[in-house]
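Subject: Structure handover

Hello,

Here is the structure for your next round of work. My notes on it follow below.

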Amino acid sequence: MNIQLYSALGQGGLCDFPLPHHSMASRQQAVNNFENSKLQCLGKRDKSSAGRIDPKAVDICAVINKLEQYYTTSSCAGRCFLYRGPGVKSTNQFTRFRVSHEKICDPLRYFNLETLDNDFTGGGDPVRSVGQYDQEDHNRGTVQAEDDEILQRERYGSTSIVGMSEGDSIWLRFEPFILHVACRSLAAASALMAAARPAFKNVGLTTWKQNSRYLVAIWGDEGLDMPLSIPGASRLLIPNVDDLTFLPYWLATLVNERHERNWSKIIRFTQAVRDMKLINDDSDVEADNRFLLMTANQNASKIPRSFDVVGDIALIHNISTDDPEERKHIGEAIMQKNKAIKIVAVRESSLHGIERAPGKAGVAIIAGMQRSPLITTHCEYGIKCVVDLQHTFFSPRMGPERLRICQQVARGENVLVLFAGVCMDALQIAGRTEASTILAVDMNPIATECGTRALRMLVRNKAVKTDGAADRLRIIEGEVSQVLERLPRNFFDRVLAPRPKEGNMDGDLGSGDGGITFLRAFLPVMNQNGGECHWYDFVADHEFPECARTRSLVESVCNHQGLSMEVLHVASVGSVAMRQLRICLDFRIFPMTKEETVSL
């Protein structure tokens with residue numbers, strides 16, 4: 001991880017230095033406790049029925065989790081469903097059907113109560129999103145009726161809808177947006193509630209524990225709860241109108257309007273969080289610790305403020321001296337305060353080549369044992385990978401981004417990771433999600449060998465809680481464009497596409513094609529009906545977060561292939577140069593409608 005020096009030089013900060021007063025120690029402990037809780041919470045496998053964050057909640061969750069004073073504990077972007085029973089989910093009599101986090105596009109199918117037993121989705125969320133691996137999406141293929149009926153009854157109850165006992169009826173419910181956020185301090189909780197109230201009126205502090213965390217609940221008011229049938233019946237209540245299709249379309253309008261208002265409020269809330277000012281919550285002890293370090297070590301000014309820790313190696317990117325003895329003292333000081341670090345190295349040259357690696361001469365060891373090649377095992381959220389720092393590209397600073405991607409992978413998805421490097425993204429998805437298959441592709445033979453070694457470690461990793469993690473991951477060495485030609489069309493539900501940087505002039509300066517060739521190559525292998533892509537691009541700081549140039553490029557390529565696209569989130573992944581950012585544009589694709597085709 002990329003960490004400030006006061007955090008890297010020991011467990012729990014600079015605890016070996018004398019603290020000027022007790023309050024500093026308690027403040028540091030509170031910060032450490034909150035950071036540990038945040039890592040544990042965000043690092044857990046998603047146990048919701050969908051197995052992922054709702055697409056419409058991706059943006060707000062990512063914006064909040066990026067702030068050091070907050071993390072989300074649960075979320076729902078809003079959903080509608082049919083249910084039978086008293087309406088209380090905790091009771092055994094409650095049975096839920098046809099959950100949908102999107103608009104109802106086929107009202108006649110969705111509100112047909114006579115088909116509840118054999119049409120489980122009704123056009124709502126695919127059955128795969130509630131953990132039923134063998135059930136195919138209605139829009140993709142046929143239904144395996146017998147096996148799926150068993151799976152459906154195991155989750156939703158064994159009572160058939162047709163022939164219900166008297167006193168039962170089918171209800172329609174719409175549940176609005178709900179979000180729970182852990183805050184580091186009362187000041188941080190107050191700021192978040194103030195940002196939420198213009199969009200959501202139901203905002204409150206639900207639980208708190210001093211010097212630990214404060215839990216804020218935010219939920220919408222666009223609810224709906226209404227009966228669709230009389231007790232014991234399996235048909236909709238029929239209004240006194242000539243057109244019997246009127247009721248399903250009217251019900252769909254009620255639900256879809258609530259979805260739209262709900263999503264609009266989420267967008268307003270997200271922008272309000274982005275615009276929040278920095279919060280002084282009396283938990284920032286970095287300045288105090290830096291002062292203590294300066295007074296304890298007269299050479300501390302030459303120690304870099306931050307560096308990367310990869311496995312047991314501390315990698316410094318910039319160092320203020322060329323003197324070998326001073327470099328050695330700096331490295332030894334870092335190793336003395338963090339016993340887990342065995343080697344301190346300095347990157348002497350920039351990344352180059354297709355591999356984006358510094359090369360053997362590009363990394364110099366300044367302290368610790370000599371190791372050649374410079375290989376280590378890096379652990380992230382319990383998942384291990386093998387890294388060759390001289391011949392592969394790997395950044396521990398991308399750890400939060402890899403976590404963000406894992407939180408979006410639903411059960412049963414087919415995932416493609418392009419330019420996978422040492423395969424840490426693919427390993428995280430295999431070990432922390434219930435994706436059906438993961439395919440990692442890279443042309444660097446050293447990187448793929450590192451990934452293969454890590455795959456063998458994944459088999460023995462007791463921290464992995466998902467079954468068959470290593471069996472679901474496959475690593476291919478080869479040039480990406482050539483491998484894509486051999487992959488099945490319309491197959492992958494999710495694609496990670498970190499396009500290579502095309503020289504120093506890439507980005508807003510207009511050099512290169514912006515990855516158009518690469519984008520055109522992998523779009524055909526994506527699921528054309530709702531497939532999601534994480535597209536990495538390079539922009540100037542003034543372009544973020546709108547990133548209009550990137551959006552326009554992706555949309556034009558999609559439209560050219562008969563697809564429409566919807567942007568889910570734009571994340572800043574890090575800085576690649578002064579005022580130059582690497583961003584990730586999350587988008588999903590759908591076939592273009594006739595109206596969209598005509599408008600082009």
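**Helix packing**

Helix α3 (residues 58-65) and helix α7 (residues 246-274) pack with their axes 9 Å apart, at an angle of about 15°. That angle makes α3 roughly parallel to α7. The crossing of α3 past α7 is left-handed. On the α3 side, the contact is made by Asp59, Ile60, Val63 and Ile64. On the α7 side, Ile266, Phe269, Thr270, Val273 and Arg274 take part. Please keep in mind that this is a predicted model.

α3 also lies across two strands, β21 and β22. The helix runs at about 10° to β21.

**The seven-stranded sheet**

β21 and β22 belong to an open sheet of seven strands. The order is β18-β17-β16-β19-β20-β22-β21, and the pairing is mixed. β18 (473-477) and β21 (563-577) stand at the edges. Each has a single partner strand, so one side of each is left without a neighbour in the sheet. Neighbouring strands here are turned by 20° against each other on average, direction ignored.

Inside this sheet, β20 (residues 532-540) pairs with β22 (residues 580-591). The sense is antiparallel, over nine bridges. Glu532 stands opposite Arg588 in β22.

**The four-stranded sheet**

A further open sheet has four strands, in the order β4-β3-β5-β9. Its pairing is antiparallel. β4 (95-100) and β9 (224-227) are the edge strands, and each pairs on one side only. The twist from one strand to the next averages 20°.

β3 (residues 79-84) and β5 (residues 170-175) run antiparallel and are joined by six bridges. Phe81 stands opposite Arg173 in β5.

**Nonpolar cores**

In soluble globular proteins, nonpolar side chains tend to be buried together. The largest nonpolar core in this model has 43 residues. Which of them touch the most other members? They are Val417, Ile429, Ile438, Leu458 and Leu473. Helix α11 (residues 424-432) gives the most to this core, with five residues. Apart from this core lies another, of 34 residues. Its members include Ile476, Val495, Leu523 and Val525.

Back to the largest core and one of its members, Ile438. Leaving out residues up to four places away in sequence, Ile438 touches Val415, Val417, Ala426, Ile429, Ala430, Arg472, Leu473 and Arg474.

Is α11 enclosed or open to the outside? Nine of its nine residues are buried, so α11 is largely enclosed by the rest of the structure. The buried residues of α11 include polar and charged ones, among them Asp425, Gln428 and Arg432.**A buried strand residue**

Ile218 lies in strand β8 (residues 213-219). Ile218 is buried, with a relative accessible area of 0%. Which residues does Ile218 touch, not counting residues up to four places away in sequence? They are Phe177, Ile178, Leu179, Leu192, Ala196, Phe200, Asn202, Val203 and Phe269. Phe269 is also part of the α7 contact with α3. Ile218 and Leu192 are 26 residues apart in sequence. In space they are 9.7 Å apart, C-alpha to C-alpha.

**Backbone points to check**

Two cis peptide bonds go on the list. One joins Ser372 and Pro373, with omega about -5°. Pro373 lies in the loop between β13 (363-368) and β14 (375-380). The peptide bond from Phe544 to Pro545 is cis as well, with omega near 5°. Pro545 sits in the loop between β20 and α15 (548-560).

Positive phi values come next. Tyr381 is not a glycine, yet its phi is positive, at about 55°. Tyr381 is in the loop between β14 and β15 (383-388). Its relative accessible area is 28%, which is partly exposed. Phe419 has a positive phi too, near 50°, and is a residue other than glycine. Phe419 belongs to the loop between β16 (414-418) and α11. Phe419 is partly exposed, with a relative accessible area of 27%.

Best regards

Methods
Residues numbered from 1 in each chain as written. Predicted model: local features only at pLDDT ≥ 70, side-chain atom pairs only at ≥ 80, totals over all residues. Heavy atoms only, no water. Pairing = 2+ DSSP bridges. Axes fitted to C-alpha atoms, helices over the stretch in contact; angles between N-to-C directions. Contact = heavy atoms within 4.5 Å. Core = buried A, V, L, I, M, F, W, Y, C linked by side-chain atoms within 4.5 Å. Buried < 20%, exposed > 50% of the residue type's maximum accessible area, 1.4 Å probe, protein only. Parallel < 35°, antiparallel > 145°, perpendicular 65-115°, else oblique. Left-handed = near helix turned anticlockwise from the far one by under 90°.
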